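Trainee: I have a new model open and would like to talk it through with you. Could we go residue by residue and then step back to the fold?
Mentor: Gladly, let's have a look at it together.

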Amino acid sequence: MGDYTVVPVSDVPDMAADVGMDPDHFEIRFLREALALRNFAVTFERFGGGWRPTRGHRHAVQEEVYLLVSGRAQAKFDDEVIDLEPWTAVRVPPQSARAFRAAGEEDAVFVTMAAPQASLDDVEFIQDYWTD
C-alpha cells in the first residue's frame with residue numbers, strides 16, 4: 001500500500017474559538033497533524049460573508065501562501081488593502097502584518113500553505129489592526 005494520507009477537511013476540528021475568533025463567522029481547520037505533514041502546514045479557512053474581523057497577525061518564522069478558492073476577499077498587508085478574486089494566491093513573508101475578510105455577503109474560503117512548520121507560539125496577534 002502507498003505511503004499517503006487522505007483526510008476529509010470536515011473531519012478536522014474547527015479551532016476558531018481556540019484562536020480567539022468568532023466561530024459563528026469564522027472557521028479554521030489545521031490539517032498538519034491529521035495529514036502527518038513533516039515540512040509544511042496546510043490550513044482551511046472560511047471567512048463569513050459580511051463579517052469584518054479587526055484582528056491581524058504576523059509570524060516570527062513562518063511564510064504563508066493564501067489561495068482563495070471561493071468567494072471574493074480583501075486582504076490587508078501592513079497599510080495596504082487589496083481585492084482578491086477566486087483562484088488567486090498571495091505569498092506573505094513572516095514579519096508582514098496581515099488580515100483577511102470576505103468582500104460582500106458571500107463567504108471567502110482559503111487554503112493556506114505555510115513553512116516551516118510552527119506552533120501558535122510563532123504568531124503575534126495584532127488587535128484592532130483593521131478597524132474600518
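Trainee: In which strand does Arg101 lie, and is Arg101 buried or exposed?
Mentor: This is a predicted model, so every value here is computed from it. Arg101 belongs to strand 8. Buried means under 20% relative accessible area. Arg101 is at 2%, so the residue counts as buried.

Trainee: Which residue offers its backbone oxygen to the side chain of Arg101?
Mentor: Start from the surroundings: Arg101 touches a set of residues including Phe47, Trp51, Trp130 and Asp132, leaving out those up to four places away in sequence. The side chain of Arg101 reaches a backbone oxygen at 3.3 Å, and that oxygen belongs to Asp132.

Trainee: Glu27 caught my eye as well; which side chain does the side chain of Glu27 join in a polar contact?
Mentor: Glu27 is placed in strand 1, and with a relative accessible area of 14% it is buried. Beyond four places in sequence, Glu27 touches Asp14, Ala16, Phe44, Glu45 and Arg46. The polar contact between side chains is 2.6 Å, and the partner of Glu27 is Arg29.

Trainee: Now the nonpolar part. Which strand supplies the largest share of the largest nonpolar core?
Mentor: That core has 19 residues, and those with the most contacts inside it are Phe26, Phe47, Leu84, Phe100, Ala108 and Phe110. Strands 1, 4, 5, 7, 8 and 9 each supply at least two of its residues. The largest share is 3 residues, and it comes from strand 5.

Trainee: How many residues are in the second, separate core?
Mentor: As background, nonpolar side chains in soluble globular proteins tend to be buried together. Here a second core stands separate, and Ala97, Ala99, Ile126 and Trp130 are among its members. Its size is 5 residues.

Trainee: What is the relative accessibility of Leu68?
Mentor: Leu68 is placed in strand 4. Setting aside neighbours within four places in sequence, its contacts include Ala73, Leu84, Trp87, Ala108 and Phe110. The contact with Ala108 appears from the other side too: Ala108 touches Leu68, along with residues such as Phe47 and Ala102. Leu68 counts as buried because its relative accessibility is 0%.

Trainee: How far apart are the C-alpha atoms of Leu68 and Arg29?
Mentor: Along the chain, these two residues are 39 residues apart. In space, their C-alpha atoms are separated by 15 Å.

Trainee: Let's step back to the sheet. Which strands are its edge strands?
Mentor: The open sheet is formed by 5 strands in the order 1-2-9-4-7, with antiparallel pairing. An edge strand pairs on one side only. That describes strand 1 and strand 7.

Trainee: Which residue in strand 9 is the bridge partner of Val65?
Mentor: Strand 4 and strand 9 run antiparallel and are joined by 7 bridges. For Val65, the bridge partner in strand 9 is Met113.

Trainee: I noticed some unusual backbone geometry. Which residues does the cis peptide bond join?
Mentor: For context, most peptide bonds are trans. In this bond omega is about -10°. Pro116, found in the loop between strand 9 and strand 10, is one of the pair. The cis peptide bond joins Ala115 and Pro116.

Trainee: What is phi near in Trp87, and is Trp87 buried or exposed?
Mentor: Trp87 lies in the loop between strand 6 and strand 7. Its phi is positive, near 65°. Exposed means over 50% relative accessible area. Trp87 has 63%, so it is exposed.

Trainee: Where does Ala36 lie?
Mentor: Ala36 also has a positive phi, about 55°, although it is not a glycine. Its place is the loop between helix 1 and strand 2.

Trainee: Last one: what is the radius of gyration of the chain?
Mentor: The chain has 1 helix and 10 strands, and buried residues make up 41% of its 132 residues. Its C-alpha atoms fill a box of roughly 50 × 30 × 25 Å along the principal axes. A compact globule with 132 residues would have a radius of gyration near 14 Å, and the chain agrees, with 14 Å.

How values were computed:
Residues numbered from 1 in each chain as written. Predicted model: local features only at pLDDT ≥ 70, side-chain atom pairs only at ≥ 80, totals over all residues. Heavy atoms only, no water. Core = buried A, V, L, I, M, F, W, Y, C linked by side-chain atoms within 4.5 Å. Buried < 20%, exposed > 50% of the residue type's maximum accessible area, 1.4 Å probe, protein only. Helix = DSSP H or I, 4+ residues; strand = E, 2+ residues; numbered from the N terminus. Contact = heavy atoms within 4.5 Å. Polar contact = N/O pair within 3.5 Å; in protein donor to acceptor, adjacent residues only side chain to side chain. Pairing = 2+ DSSP bridges. Rg over C-alpha atoms; globule rule 2.2 N^0.38 Å.
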